[in-house]
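Biologist: I would like to go through this model with you and ask, for each label you use, why it applies.

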Amino acid sequence: MVASTPDMSPQALAALLYFYAESGVGELCEDAAIDRFDQSAKILQSRNQSRPQPGAGAPAAAGQNPARNAPPATRPGLKAAPPPVAPAPQASQLTIPGAAAFEDARALAASANSIAELREALNGFTGCNLRHSAKTMVFADGNPEADVMFIGEAPGREEDLQGTPFVGRAGQLLDRMLGAIGLSRETAYITNMIPWRPPGNRTPAPHEIELCRPFIERHVTLAAPKIVVMLGNVASKSLLGTDKGILSLRGTWMEYTAGEMLIPALPTMHPAYLLRNPAQKRLVWADLLSLQERMEQLNSG
Ligand code: URA
């Protein structure tokens with residue numbers, strides 16, 4: 001993003017920054033680093049080129065203001081020309097991780113033998129670009145020993161600030177959904193596919209999901225829940241390895257393979273989607289009742 005704030009009052013600048021923060025812009029920086037030394041050298045060079053050479057051009061007539069012949073940027077009362085805008089980043093400048101980053105993710109995740117080790121391994125993983133724009137790593141919340149593990153998409157703004165999954169508006173709805181079937185953060189374990197907030201809450205890119213996949217897979221294996229609930233499209237499609245959308249997946253029990261285990265898995269709608277489409281809550285309610293029944297069966301059998 002090229003941020004330019006010429007002649008803005010402090011109030012207008014504050015309103016602009018507030019707007020950016022509300023829109024999810026966490027960092028005011030360019031997509032690609034700007035070489036300011038190179039920029040200054042070019043400005044200086046173009047000024048020197050447009051400056052009349054000694055002896056060149058007609059001498060100033062008597063009474064004529066010599067400043068008129070000065071290069072535009074040095075005329076009194078005129079502002080310097082704005083510096084050239086940095087060129088848009090080329091595709092080749094975008095941070096697409098190489099094969100080594102995927103290999104690193106797999107090796108780090110596999111080396112973790114406990115949830116605490118996995119958190120540490122993830123913390124040491126530098127291959128995912130999202131960690132550089134996020135403020136915190138959002139690992140998990142709730143009870144890692146719980147029978148049921150909920151997997152969302154990625155942290156949003158509140159989660160990024162607090163370092164805890166599902167604490168914003170969608171999280172408050174998730175808490176109400178859990179409460180409706182007698183669950184809470186003491187009896188459920190909650191995490192996300194991606195532990196870092198994507199800038200502006202955008203949907204994680206496929207390569208970001210793939211980079212984080214070994215960690216979430218290992219996370220499920222280490223937590224070994226009796227049931228996994230996938231919240232929304234990203235978690236459902238990528239963990240179940242299907243192209244089907246959540247509207248056709250939801251409410252159907254599937255199996256998720258975690259290491260040697262086959263775990264019953266239920267895809268359902270994401271609470272953020274329900275905030276935008278409250279009429280769909282009745283479908284999720286049916287899914288929650290199905291979950292409750294399955295948990296009762298597990299615990300009575
Ligand atoms: N949405 C998610 O998928 N996860 C969170 O933690 C918050 C919002």
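Modeller: Let us begin with R250, which, once its neighbours within four places in sequence are left aside, is in contact with P267, T268, M269, L283, A286 and D287. Contact here means heavy atoms within 4.5 Å. As for the ground rules, this is a predicted model, in which local features need pLDDT of at least 70 and side-chain atom pairs count only at pLDDT 80 or more, while totals for chains, interfaces and linings use all residues. Residues are numbered from 1 along each chain as its sequence is written, and side-chain values use heavy atoms, with hydrogens and water left out.

Biologist: Where does R250 sit, and why is R250 called buried?

Modeller: R250 is found in the loop between helix 10 (246-249) and strand 5; helices (H or I, at least four residues) and strands (E, at least two) are DSSP runs, numbered from the N terminus. The relative accessible area of R250 is 17%, and buried means under 20%, exposed over 50% and partly exposed in between, with a 1.4 Å probe and protein chains only, so R250 counts as buried.

Biologist: What makes the pairing of R250 and D287 a polar contact?

Modeller: The side chains of R250 and D287 are joined at 2.7 Å, and a polar contact is a pair of N or O atoms within 3.5 Å, where within protein one must be able to donate a hydrogen and the other to accept it, and residues adjacent in sequence count only if both atoms are side-chain atoms. The 2.7 Å pair therefore qualifies.

Biologist: Why is E255 called exposed, when E255 is found in strand 5?

Modeller: The label rests on accessibility, because E255 has a relative accessible area of 53%, which is over the 50% limit. E255 still touches L240, L262, I263 and A265, not counting residues up to four places away in sequence.

Biologist: How do you know which residues are around the ligand?

Modeller: A residue is near a molecule if one of its heavy atoms lies within 4 Å of it, and the residues around the ligand are G152, E153, A154, P155, E159, P165, F166, N192 and H270. By class, this shell has four nonpolar, three polar and two charged residues, where Ala, Val, Leu, Ile, Met, Phe, Trp, Tyr, Cys and Pro count as nonpolar, Asp, Glu, Lys and Arg as charged, and the others, Gly among them, as polar.

Biologist: Which polar atoms does the ligand approach at E153, N192 and H270?

Modeller: An oxygen atom of the ligand is 2.7 Å from a polar backbone atom of E153, a nitrogen atom of the ligand is 2.8 Å from an N or O atom in the side chain of N192, and an oxygen atom of the ligand is 2.7 Å from an N or O atom in the side chain of H270. The protein covers 92% of the 230 Å² of accessible area that the ligand has on its own; such areas come from the Shrake-Rupley method with a 1.4 Å probe, and for residues only the protein chains shown count as cover.

Biologist: Why does N192 count as buried?

Modeller: N192, which lies in strand 3 (residues 188-192), has 5% relative accessibility and therefore counts as buried. A polar atom of the N192 side chain also lies 3.2 Å from the backbone nitrogen of E153.

Biologist: What makes F166 notable in its backbone, and why is F166 called buried?

Modeller: Phi of F166 is near 55°, a positive value in a residue other than glycine, and F166 lies in the loop between helix 6 (157-162) and helix 7 (169-180). At 5% relative accessibility, F166 counts as buried. Phi of A224 is near 45°, again a positive value in a residue other than glycine, but A224 is partly exposed, because its relative accessible area is 37%.

Biologist: What makes a set of residues a nonpolar core, and which members of the largest one touch the most others?

Modeller: A nonpolar core is a set of buried Ala, Val, Leu, Ile, Met, Phe, Trp, Tyr and Cys residues joined through side-chain atoms within 4.5 Å. The largest has 40 residues, of which I151, M193 and W196 touch the most other members, and its largest share, seven residues, comes from helix 8. A second, separate core of 21 residues includes F150, I190, L274 and L288.
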